[in-house]
Every structure is written in structure tokens, then in C-alpha cells.
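I opened a new structure today and kept notes as I went. Each entry records one thing I looked up.

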Amino acid sequence: MKFADLHLHTHFSDGTFSPEELAAHGGRLGFAALALTDHDSVEGCARMAELCGAAGIEFISGTELTAEHNDTELHLLGYFVDTQSEKLLANLAGFQAVRQNRIREMVARLNELNVPLDAETVFALANCKSPGRPHVARALVKAGLCKSLDEAFERFLKKNRPAWVPKAKMSALEGIELIHQAGGLAVMAHPGLNRTDDVIPALVEAGLDGIECFHTKHSTATAGRYLEMAGKFHLLVTGGSDCHGFSKGKPLIGTVKLPYEHVERLKQAAAARHASLVARS
Ligand code: AMP
Ligand code: FE
Ligand code: FE
Ligand code: ZN
């Protein structure tokens with residue numbers, strides 16, 4: 001059996017692995033295909049493509065965007081996007097600027113709570129253009145201000161906690177359009193985690209291509225529910241570990257294995273999208 005992991009992060013966003021480390025884990029675990037889906041970034045894709053190519057692993061370029069529909073936050077995975085698309089890159093740069101400003105705001109809130117962290121410390125630790133809350137959490141732990149990442153999220157960073165800052169988000173319809181214009185397929189990430197079932201029909205109407213049925217945080221029953229939904233709405237099926245590096249001593253990559261037949265279907269759909277974009281231009 002051939003398997004894929006289509007949801008992975010590197011240090012180009014809030015993961016801790018380099019592309020080298022991630023590709024090495026993928027090879028060790030025998031994956032036939034991997035996709036990189038850093039938050040608001042495609043920066044690691046070129047290197048991952050090289051490394052996977054050398055290791056005989058098929059590679060799919062991707063990114064993970066944060067969007068909203070009717071006040072529900074959701075994550076959109078964009079697969080097979082053209083990583084050179086000027087429009088995509090300009091939008092990603094905008095989202096990255098929003099992320100950087102949000103780090104400053106979160107640090108300012110922490111300072112108001114007498115937690116002495118400074119933004120430059122977070123940026124130095126993040127060392128990437130697409131910083132997020134995990135970097136603030138790691139900086140808090142490193143400075144001895146929290147004992148664990150869990151504590152940092154629970155006390156300060158989770159939604160509605162005192163240092164949480166809402167992120168300005170594009171609409172899901174704009175996100176789907178952006179992914180499509182870059183030649184990609186738009187897939188709803190971990191619907192069981194974000195509890196986004198109610199908005200799925202509207203997004204299907206707007207051109208959503210697929211749904212992430214298999215995910216670390218989905219139980220077998222949850223995956224089954226989304227497989228059923230994929231059938232009902234004629235959506236592609238994806239899955240991945242959402243590995244961000246080592247978590248409690250072990251990497252998540254390897255814990256979710258998407259049967260390769262779904263990659264075949266994704267590739268066919270991506271080829272059709274490319275053909276229709278070429279026909280229109
Ligand atoms: P952000 O994009 O800055 O809002 O951060 C979201 C990221 O934070 C997610 O992709 C996860 O990697 C991580 N995250 C969210 N909630 C938690 C939590 N409760 N504990 C640990 N990590 C979390
Ligand atoms: Fe993340
Ligand atoms: Fe996500
Ligand atoms: Zn993710």
C-alpha cells in the first residue's frame with residue numbers, strides 16, 4: 001500500500017523541522033507522497049520538492065490559509081498552487097505582515113499583564129516571515145515565563161484569553177478564489193477541529209474542491225462522518241498529520257496515512273484545473 005501525508009509544517013511557519021528533517025522523516029516512514037502546507041507561506045516548497053525528488057517521494061506544493069465565513073474561522077489548504085504566482089505571493093506577503101503586527105499586539109497585551117516579553121525576542125526565535133502564536137508560546141517557555149506550551153495557550157493565547165488577538169482574516173470565498181487563481185485545489189482543513197460543518201455547503205457552492213477527512217485530531221468516527229460528507233458533496237478526500245515538529249517527544253508525521261488513491265484523484269483534478277486556466281488565458 002502507498003500512503004501520503006498532505007498536511008505538514010516547517011520552520012517557514014510555525015513548525016520546527018527544516019525541509020531536510022521533514023523529508024528525512026517522510027523517507028524513513030516510507031511515504032509515497034508528501035505535501036507542505038505552511039501557514040501563509042510557500043517558501044519551503046522549492047527545497048522540499050528537491051529533497052523529495054532526491055528521495056523518490058512525490059511532492060505537492062501547498063499552503064494553509066486562515067479564513068472566515070459568517071464569523072466561523074476555518075483553515076483552507078491550497079494544493080498544487082503555482083508557488084511563483086505573483087497574485088498568490090502578494091497576498092501571502094500581506095497575510096505575513098498581518099501576522100507580524102499581531103505578534104507585536106500580543107506582546108503588548110502580555111506586557112500589560114506584567115509579563116516581560118519583547119517582540120524582538122519572539123521574532124528572533126521565530127526567524128520566519130510567517131510567525132504565529134506557537135512562537136509566542138515557545139518564547140514564553142524559553143524565557144521561563146510559562147512552564148509549557150500548553151500553559152502558554154491556556155493562560156494567555158487561546159481564543160478569548162487575555163493576550164489573544166483576533167487575526168484579520170479574508171473571507172473563505174476570497175480564499176477559495178485565490179487558491180483557484182493560483183491553479184490550486186481548495187480543501188477545508190480539519191473541519192472536526194474548527195467545527196465548521198455548518199459552513200461546508202456554502203463553501204461547496206463557492207467551489208471548495210475537497211475536505212480533509214483524515215487528521216490527527218479526527219477520531220475514526222469523525223473521519224467517517226467527513227468521508228460521508230465528501231461523497232454527498234462530491235468532494236476530494238485528503239488527510240495529513242498536521243505535524244509541527246516534535247510533539248511530546250515524537251513527531252506526528254507517520255500517525256496519519258492517506259491511501260494513495262486519493263492523491264491520484266487530486267492529481268487528476270489539479271490537471272483539469274490547470275487545463276481550464278490555460279484555456280482561459
Ligand atoms: P495562529 O495561526 O497564530 O493563530 O496559530 C495557530 C496555530 O497555533 C495552530 O496552527 C497550531 O499550530 C497552534 N495552536 C493552536 N491552538 C493551540 C493550543 N491550544 N495548544 C498548542 N498549539 C496550538
Ligand atoms: Fe500551525
Ligand atoms: Fe490548521
Ligand atoms: Zn496546519
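The entries below go from the metal site to the pocket, the rings and a few single residues.

**Entry: the model**

I noted the origin before anything else. This is a predicted model.

**Entry: the iron site**

I began with the iron ion (ligand 3). Which residues are its protein donors? I found Glu 64 through OE, His 75 through ND1 and His 190 through NE2. They lie 2.0 to 2.3 Å from the ion. I then wrote down the spacing of these donor residues in sequence, which is E-x10-H-x114-H. Glu 64 sits in strand β3, residues 58–69. His 75 sits in strand β4, residues 72–79. I count these two as 11 residues apart, and the pair links distant parts of the chain.

I also looked for the distance to another metal. The iron ion (ligand 2) is 5.7 Å from the iron ion (ligand 3).

Are these two donors buried or exposed? Glu 64 has a relative accessibility of 1%, so I put it down as buried. His 75 has 12%, and it is buried as well. The cut-off I used for buried is under 20%.

**Entry: the largest pocket**

How big is the largest pocket in volume? I read about 1,600 Å³. Its lining is made of 43 residues. I listed those closest to the centre: Arg 133, Pro 134, Phe 153, Leu 193 and Lys 217.

Next I asked which elements supply at least two residues of the lining. Strands β3 and β4 are on the list. So are the helices α3 (86–112), α5 (133–142), α6 (149–157) and α8 (191–194). Strand β9 (246–247) completes the list. Which element gives the most? It is α5, with four residues.

I sorted the lining by residue type too. It divides into 17 charged, 16 polar and 10 nonpolar residues.

**Entry: rings**

I searched for aromatic pairs. The structure holds one. It joins Phe 17 and Phe 246, whose ring centres are 5.3 Å apart. Why do I call it edge-to-face? The planes stand at 80°, and over 60 degrees counts as edge-to-face.

The partners come from distant parts of the chain, 229 residues apart. Phe 17 is in the loop between β1 (3–5) and α1 (19–28). Phe 246 is in strand β9. I checked accessibility for both. Phe 17 is buried at 4%, whereas Phe 246 is exposed at 53%.

**Entry: charges over rings**

I looked for lysines placed over rings. Lys 2 lies over the face of Tyr 260, 4.1 Å from the ring centre. Lys 257 has its charged end over the ring of Phe 3, at 5.5 Å from the centre.

**Entry: positive phi**

I checked phi in residues other than glycine. Asn 127 has a positive value of about 50°. Asn 127 lies in the loop between α4 (119–126) and α5. I read 66% relative accessibility there, so Asn 127 counts as exposed.

Lys 248 is another case, with a positive phi near 50°. I found Lys 248 in the loop between β9 and β10 (250–251). Its relative accessibility is 75%, so Lys 248 is exposed.

**Entry: distances in sequence and in space**

I took three pairs and compared their separations, C-alpha to C-alpha.

How far apart are Leu 29 and Gly 254 in sequence and in space? They are 225 residues apart along the chain and 6.3 Å apart in space. Leu 29 lies in the loop between α1 and β2 (33–36). At 28% relative accessibility, I noted Leu 29 as partly exposed.

His 180 and His 11 came next. I read 169 residues in sequence and 26 Å in space. His 180 belongs to helix α7, residues 172–181. With a relative accessible area of 15%, His 180 is buried.

I finished with Ala 275 and Phe 153. They are 122 residues apart in sequence and 44 Å apart in space. Ala 275 lies in helix α11, residues 261–280. Ala 275 is partly exposed, at 48%. I had already met Phe 153 among the residues closest to the centre of the largest pocket.

Definitions and conventions
Residues numbered from 1 in each chain as written. Chains lettered and ligands numbered in written order. Predicted model: local features only at pLDDT ≥ 70, side-chain atom pairs only at ≥ 80, totals over all residues. Heavy atoms only, no water. Donors = N, O, S within 2.8 Å, 3.2 Å for Na, K, Ca; no water. Buried < 20%, exposed > 50% of the residue type's maximum accessible area, 1.4 Å probe, protein only. 1 Å grid on protein atoms, 1.4 Å probe; cavity = no way out; pocket = protein on both sides within 12 Å on 5 of 7 lines; lining within 4 Å. Points joined across faces, edges and corners; volume = space filled by probe spheres on them. Nonpolar A, V, L, I, M, F, W, Y, C, P; charged D, E, K, R; others polar. Phe/Tyr/Trp six-rings, centres within 6.5 Å; stacked < 30°, edge-to-face > 60°. Lys NZ or Arg CZ within 6 Å of the ring centre and 35° of its normal.
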